[in-house]
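Student: I have a model open and would like to talk through how it is put together. Could you take some questions?

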Amino acid sequence: MKSHSALLLVGSVFISTSFLTSLYAQNPGDHVPDRFIVQLQDVDDIKGVAAAHGLNPDGEFKSAAKGFSGVVPAGRLNALRNDARVLSVSPDRVVSANPKGGNGGGGGKPDKPGGDDGGTTDPPARDDEVIPSGVERIGAIPGLSAITGMGVGIAIVDTGLDFNHLDLSTGSVSFKASVKGRRMSTREGSTVGQDDEGHGTHVGGIAAARFDGYDVVGVAPDATLYAVKVLDSSGNGYDSTVIAGLDWIAANAEDLSPPISVVNMSLGRPGTLEDNPTYHQAIQTLHQMGITVVVSAGNDSALEVSENVPSTYPEVLAVASTTALAGDTDIGVTVEADTSSFFSTDGAYDLATGIGVTISAPGAKQEDIAGGYVTSVGILSTRLGGGTERNSGTSMSAPHVAGVAALLQEQYGSLDPESVRALIRSGASGVGSAPYDSPTSGYTFDGEREGVVDVVGTLTP
C-alpha cells in the first residue's frame, strides 16, 4: 500500500493528511494497448462489422449497449471509425475500486473488539452483532421501520461477493468478466462472482448485511445481493468488463428473483462525459429500465465529479463522503460529524445537466488529528473470509445510499431513478448546512450543502 500525505494549513496550525491507496501496475484512466470498445448502430451488425475489419471480438454487448470490445490493430482503426455502421470507437481504459484503505482506513487503527461499534477479529469469527456508525448515522437502525429491503435485488458491480460470508444474502446467480492477455472472457454461474480481493464484500455488507445477531447489520438487511464481478484480485478492471457487467444486468434484471432494481458501483477512473459513449449508453439503458444506479463520487479531492467516470453521468446518483462521528484530536481542532471527508471528490449538483453530487453519506467513521496528521477511521463492514474490517472512501458512502434506494423500492413497489433521487435529496438531514467544511486546506467548498442521506426523512411521505 502507498501512503500519500500533504502539509496542510488550518488557521495557524499545520496539519498533514494521509490516505492509503493501492499501488497499481496501471493507473485508472490509462488506455490498455490495442484494446478498444466499438459502439454500433444495431446489435445485429456485431459479427458483420467485426468480420469486415478482420476483428475477433472478445465481448459482445446487446442489452445495455450495442457493440463489442477487443483488440483492434492500429492499421485498422481509421477504416473502422469510418464505417457507417459504427457510432464510436473508444479506448478501453483501466478502472479501479475507488481506493480501499487499510485496517482502519487511511492509517487509523481499527477499534478493539467491544468498542462502540465492534472491531476486526483474527482469526475471523462471528462477533455479536453491532450497528456500524454509518448505518446508525443515517437512521437505518433495525426495528425503527418495517421496511427492510425485502424483495429487492441490489447488484454489486465490484470485485465480487464472498458467498461463504454468513452475513450476506446472495442471489442464486452471479457474473464475472475479466481480461487476461488483452482478451476478455465472461462467465455466469452460481458462484463465479466470488470475491478474491475484499472490496465488494465490504461494500455489500454496508448495503445489506443481515440483521441476524452476528457481525454487522446493513442499511437494507433483507435485500438480496447479486455479485457482478468486473474487477480482479487487485481491484482493477476495464471499461469493457464494467460494460459487460452492466450488459448482463440489463439482460437479466427483470427475470431474477428478486429482480435487480438497484445497482451499486464503487469504482471509477478519471474521465469525461463522452470519452466512452458505449459505457454511457449502458448506464442510460439501465436508467430507462427503471434501475437506480448509485456510484461513488471518487477519492481525489482535487477533482470534480464531472472529471470522473461513471460519477459524471447524469443518470447516476453520485455519492460523496462524510464522517459519521466527531473525531479525536490533540490540537483543539476537531473534525466534527457530517464533515466532508478530506479525500472526497465533490461537485455541486447541476439541475440543468444532471451532473454532480446527488447526496453525501458516511464514508468514514471519523477523522482523527494526532501528531500533525489527519487520519480516517474506516466504516465497519463484512470482510472477505468472514468477520469484519474497516475501510474508508466514497466506495463506502455509495452503498449506504444504495441501501436506502432499496428501502424505497420496497416501500413504493416500483420507483423510477429520478424519483429515488428526488426523495433522497428532499429527505436528507442538514440540507443547507452539511456537509461541513473539512479543516484541511486541500478542501474547497463546491457550492452546495446537499445534506447527508437520512432514512427517516426519505421514507416519510
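Student: How many of the residues of helix H4 (residues 199-208) are buried?

Tutor: Happy to help, and keep in mind that this is a predicted model. Buried here means under 20% relative accessible area. His199, His202, Val203 and Ile206 are among the buried residues of H4. The helix is mostly covered, and the count of buried residues is ten of its ten.

Student: Which helix gives the most residues to the largest nonpolar core?

Tutor: That core has 48 residues, and Leu246, Ile249, Ile260, Val263, Met265 and Tyr279 touch the most other members. With seven residues, the helix that gives the most is H5 (residues 239-252).

Student: Met265 caught my eye. Leaving aside neighbours within four places in sequence, which residues is Met265 in contact with?

Tutor: Met265 is one of the core residues that touch the most other members. Its contacts, with those sequence neighbours left aside, are Val157, Val242, Leu246, Tyr279, Ile283, Val293, Val294, Val295, Ser296 and Pro310.

Student: Why is the pair of Phe175 and Trp248 called stacked?

Tutor: A pair of aromatic rings is described by the distance of the centres and the angle of the planes. Phe175 lies in strand S8 (residues 174-180) and Trp248 in helix H5, 73 residues apart, so the pair links distant parts of the chain. Both residues are buried. The ring centres are 5.7 Å apart, and planes under 30 degrees apart count as stacked, so the deciding value is the angle of 20°.

Student: And is the pair of Phe342 and Phe343 stacked or edge-to-face?

Tutor: Phe342 is buried at 9% relative accessible area, and Phe343 is buried at 3%. Their centres are 5.6 Å apart and the planes make 80°. An angle over 60 degrees counts as edge-to-face, so the name for this pair is edge-to-face.

Student: On to the sheet. Why do S9 and S17 each have one side without a neighbour?

Tutor: The sheet is open and mixed, with eight strands in the order S9-S8-S10-S7-S12-S14-S16-S17. Strand S9 (183-189) and strand S17 (357-364) each have a single partner strand, so one side of each lacks a neighbour because of their place at the edges.

Student: What angle does the direction of H5 make with that of S8?

Tutor: Within the sheet, S8 pairs with strand S10 (residues 224-229) in the parallel sense, and Phe175 stands opposite Val228 in S10. H5 packs on this sheet, touching S7, S8, S9, S10 and S12. Its direction makes an angle with that of S8 of about 155°.

Student: Which residue does Ser257 join through a cis peptide bond?

Tutor: Most residues other than glycine have a negative phi, and most peptide bonds are trans. Here omega is about 0°, and the partner sits in the loop between H5 and S12. The residue joined to Ser257 is Pro258.

Student: Is Asp338 buried or exposed?

Tutor: Asp338 is found in the loop between S16 and S17, and has a positive phi of about 70° although it is not a glycine. Asp34, in strand S3 (residues 31-40), also has a positive phi of about 70°, but at 32% relative accessibility Asp34 counts as partly exposed. Asp338 has 11% relative accessibility, so it counts as buried.

Technical notes. Residues numbered from 1 in each chain as written. Predicted model: local features only at pLDDT ≥ 70, side-chain atom pairs only at ≥ 80, totals over all residues. Heavy atoms only, no water. Core = buried A, V, L, I, M, F, W, Y, C linked by side-chain atoms within 4.5 Å. Buried < 20%, exposed > 50% of the residue type's maximum accessible area, 1.4 Å probe, protein only. Helix = DSSP H or I, 4+ residues; strand = E, 2+ residues; numbered from the N terminus. Contact = heavy atoms within 4.5 Å. Phe/Tyr/Trp six-rings, centres within 6.5 Å; stacked < 30°, edge-to-face > 60°. Pairing = 2+ DSSP bridges. Axes fitted to C-alpha atoms, helices over the stretch in contact; angles between N-to-C directions.
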